[in-house]
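Biologist: Before I accept the labels attached to this model, I would like to hear the reasoning behind them. Could we go through them one at a time?

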Amino acid sequence: MMSSVRTATTTSTRLFTTTAVKTSAAPRHLVNISQLSNDEFSSLISKAQHYKSLVRSGSTSVENHQKLLGKLVALLFSKRSTRTRISTEGAAAFFGAQPMFLGKDDIQLGVNESMYDTTRVISSMTSCIFARVNRHQDILDLCKDSSVPIINSLCDKYHPLQAIADLLTIKESFGETKGLKLTWIGDANNVINDLAVACLKMGISVSISIPKDITFDQDVAEVAEKLAKEQGLSFEIVNDPLVALNNANIVVTDTWISMGEEAQKVAKLKQFDGYQITQKMCQDGKVASNWKFMHCLPRHQEEVADDVFYSDNSVVFEEAENRLYAAMAVIDGFVINKGDLLK
């Protein structure tokens with residue numbers, strides 16, 4: 001292993017090296033929540049809660065800042081973002097790393113260079129790659145060829161960082177997760193694919209309401225059904241939102257029109273007619289008295305009315321902030337501790 005560049009040992013000095021966090025063993029990647037054991041996922045939530053406590057109390061230490069001092073953290077984004085970019089750059093800076101944003105117009109990928117060549121080059125100079133891409137296959141290709149951890153920061157099938165932030169938000173809101181019920185109303189997409197599995201791992205039953213002409217991902221459904229059976233929980237997919245809302249503690253939705261689907265807006269709005277979450281819908285559905293509303297943002301009014309989104313039931317902005325601590329937990333587990341999430 002090459003030795004690191006030597007420099008003056010002051011707390012403000014950035015030491016630049018690309019080798020200290022790499023090993024000869026293949027790196028562990030974060031692709032989805034299903035790949036994690038229940039204990040590993042719970043540990044990530046606890047780590048996120050720990051780092052939030054440190055940041056909120058102002059008791060962050062030089063020791064944390066030195067864990068990745070002089071390293072580069074790559075943000076390989078082919079889709080625009082607010083929360084993912086800010087949280088990832090903030091988490092990298094917390095540990096002393098330099099975040100480097102690589103948007104689709106910043107590098108040669110897809111123009112003069114292949115995914116394989118790009119992955120080999122970027123991973124040779126960085127400590128990890130946060131990848132926000134279009135296709136799930138792009139995540140798998142990155143994982144196959146990267147020499148550093150790939151963190152799935154969104155693809156068309158999964159969104160694990162959001163699930164970590166969401167479970168932290170639920171844990172903060174209720175104290176204990178076991179015995180709760182989460183209801184999802186809307187599209188069958190990448191967010192609920194990871195959130196459903198995450199909830200079941202933490203003892204939360206899941207009810208999903210989607211239009212009858214939308215199909216839920218069969219791979220995810222099989223994993224969810226298996227988890228529900230093992231833990232004595234409920235997992236169901238229905239069409240009527242009122243059926244799904246019965247006794248729900250957490251009500252969640254997301255955009256109906258994903259990036260790249262703007263041309264389908266009229267058809268999508270017709271497809272989801274009757275699925276806007278309102279206070280009246282929640283009352284008619286007989287949600288639990290302590291219910292909370294979540295949305296990963298950005299929000300459109302057709303998905304949820306103001307009387308819910310800006311109500312005392314809503315924890316959407318706490319949820320958004322928790323993306324920062326989710327990113328910190330993931331860097332801690334997959335980069336600093338080299339994939340040992342229980343350390």
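Modeller: Let me begin with a definition, since two strands count as paired if DSSP finds at least two bridges between them. The model is a predicted one, and in it E5 and strand E6 (residues 205-209) are joined by five bridges in the parallel sense. Five bridges satisfy the requirement of at least two, so E5 and E6 are called paired. As a particular position in this pairing, Thr183 lies opposite Ser207 in E6.

Biologist: What is the strand order of the sheet that holds E5 and E6?

Modeller: The order is E7-E6-E5-E8-E9, an open sheet of five strands with parallel pairing. Strand E7 (235-238) and E9 are its edge strands, each of them pairing on one side only, and from one strand to the next the twist averages 20°.

Biologist: Which strands make up the four-stranded open sheet, and what makes two of them edge strands?

Modeller: That sheet runs E2-E1-E3-E4, and the pairing is parallel. Strand E2 (98-103) and strand E4 (150-152) each have a single partner strand, so each has one side left without a neighbour in the sheet, and this is what places them at the edges. The twist here averages 20° from one strand to the next.

Biologist: How do you know that E3 pairs with E4, and how many bridges join them?

Modeller: Strand E3 (residues 128-132) is joined to E4 by three bridges, and the two run parallel. At least two bridges are needed for pairing, so the three that are found meet the criterion. Phe130 faces Ile151 in E4, while Ala131 has Asn152 of E4 as its bridge partner. E3 also pairs with strand E1 (residues 72-77), in the parallel sense and over five bridges, and there Leu76 stands opposite Ala131.

Biologist: Why is E3 described as largely enclosed?

Modeller: Five of the five residues of E3 are buried, so the strand is largely enclosed by the rest of the structure. The burial applies to both faces, with Cys128, Phe130 and Arg132 buried on one side and Ile129 and Ala131 buried on the other.

Biologist: Why is Asp187 called buried?

Modeller: Its relative accessible area is 10%, and buried means under 20%, so Asp187 falls into that class. Asp187 lies in the loop between strand E5 (181-185) and helix H7 (190-201). Beyond its neighbours within four places in sequence, Asp187 is in contact with Ile192, Ile210, Ile214, Thr255, Trp256, Lys268 and Phe272.

Biologist: How do you know that Asn189 is buried, and what does its side chain reach?

Modeller: Asn189, which is in the loop between E5 and H7, has a relative accessibility of 9%, and as this is under 20% the residue counts as buried. The side chain of Asn189 reaches the backbone nitrogen of Ile192 at 3.3 Å, and the side chain also makes a polar contact of 2.9 Å with that of Asp254. Both values are within the 3.5 Å limit set for a polar contact. If neighbours within four places in sequence are left aside, the contacts of Asn189 are with Trp184, Asp254 and Thr255.

Biologist: Why is Gln301 placed in the class partly exposed?

Modeller: Gln301 has a relative accessible area of 44%, which is neither under 20% nor over 50%, so partly exposed is the label that applies. Gln301 sits in the loop between strand E9 (292-295) and helix H12 (306-309). Outside its neighbours within four places in sequence, Gln301 is in contact with Gln276 and Asp306.

Biologist: What makes the approach of Gln301 to Asp306 a polar contact?

Modeller: The side chains of Gln301 and Asp306 are joined at 3.4 Å, and the cut-off for a pair of N or O atoms is 3.5 Å, so the distance qualifies.

Biologist: At what angle do H6 and H13 pack, and which residues meet?

Modeller: Helix H6 (residues 160-174) and helix H13 (residues 316-336) pack at about 120°, with their axes 8 Å apart, and H6 passes H13 in a right-handed crossing. Among the residues of H6 in this contact are Leu161, Ile164 and Leu168, and those of H13 include Tyr325, Ala326 and Val330. By class, the contact comprises eight nonpolar, three polar and five charged residues.

How values were computed. Residues are numbered from 1 along each chain as its sequence is written. This is a predicted model: local features need pLDDT of at least 70, side-chain atom pairs count only at pLDDT 80 or more; totals for chains, interfaces and linings use all residues. Side-chain values use heavy atoms; hydrogens and water are left out. Buried means under 20% relative accessible area, exposed over 50%, partly exposed in between (1.4 Å probe, protein chains only). Contact means heavy atoms within 4.5 Å. A polar contact is a pair of N or O atoms within 3.5 Å; within protein, one must be able to donate a hydrogen and the other to accept it, and residues adjacent in sequence count only if both atoms are side-chain atoms. Axes are lines fitted to C-alpha atoms, for helices over the stretch in contact, and angles run from 0 to 180 degrees between N-to-C directions. A crossing is left-handed if the near helix is turned anticlockwise from the far one by less than a right angle, and right-handed if clockwise. Ala, Val, Leu, Ile, Met, Phe, Trp, Tyr, Cys and Pro count as nonpolar, Asp, Glu, Lys and Arg as charged, and the others, Gly among them, as polar.
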